[in-house]
Amino acid sequence: MKTIKLFKDSLSYPSKDVDKLLTLGVLFFFDAIISLLPSLTTALGYGVLTQILYFISNIIGIFIVLIAIGYLISIIKGTINENVDIPSIRIIKNLSDGIKVFIISIAYYLIPAIIVLIVAYLIGAYNIISQIFASFFILVLKLLFQVILWLKPFLTLL
C-alpha cells in the first residue's frame, strides 16, 4: 500500500504549483527555440552567423541545464527535509548548485576512467582507448580554441 501512495505522490507532485512548473517549462522552451536558430541560418546559407549562433545556443543550453540540475538538487534537499512544497526557482542558487554537481561529477568520473586505462593497458587494449581519449581531448582543445578566436575581438576592446 505504501508503494501505491509513493507512486501517486510522485505523479501529483509537479502539479502542486503550476506556476513553478510553467516557469521551468518556459525555460526549456526558450532553450529549444534558441537551439533551433542555427538550423535556420544554415538553411538560409549564413555560414559565419551559423557558427556564432551554434556557440551562443550551446552556452545558453549549458546554463539552462546547470540551472535544471541545481533545481533538481533543491527538490532532493526539500524531499530529504520532508518538505512537501515545490521549491522556488532561484536562478543564481540553482546555477551554483548545478556547477557544484558538475564539478563533483567530473571528480567521480576520473577514478573509473583511470581504472579503465590501467586495465586497458594490462590487457593490451591501451592503444585503442588512448586514441579515443586523445581524440576527445583534441576535440575539447579545438572547441576551446574556437571560443578564444570568437572572444578575441571582444578582448582587444578591453
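**Core and contacts around helix α3**

In this predicted model, the largest nonpolar core has 10 residues: Tyr13, Leu24, Leu27, Ile64, Leu66, Ile67, Tyr71, Ile75, Ile86 and Leu95. A nonpolar core here is a set of buried Ala, Val, Leu, Ile, Met, Phe, Trp, Tyr and Cys residues joined through side-chain atoms within 4.5 Å. Two elements, α2 (18-44) and α3 (47-80), give two or more residues to this core, and the largest share, five residues, comes from α3. Helices are DSSP runs (H or I, at least four residues), numbered from the N terminus. In soluble globular proteins, nonpolar side chains do tend to be buried together.

Ile86, a member of that core, touches Tyr13, Pro14, Lys16, Asp17, Lys20 and Tyr71, leaving aside residues up to four places away in sequence. Contact just means heavy atoms within 4.5 Å.

Back on α3, two residues are worth a look. Ser57 sits in this helix and is buried, at a relative accessible area of 6%. Buried means under 20% relative accessible area, exposed over 50%, and partly exposed in between (1.4 Å probe, protein chains only). Not counting residues up to four places away in sequence, Ser57 touches Asp31, Ile34, Ser35 and Pro38.

Ile69 also lies in α3, but this one is partly exposed, because its relative accessible area is 29%. With residues up to four places away in sequence left out, Ile69 touches Gly98 and Val101. The C-alpha atoms of Ile69 and Ile99 are 8.6 Å apart, with their positions 30 residues apart along the chain.

Residues are numbered from 1 along each chain as its sequence is written, and side-chain values use heavy atoms, without hydrogens or water. Local features need pLDDT of at least 70 and side-chain atom pairs count only at pLDDT 80 or more, while totals for chains, interfaces and linings use all residues.
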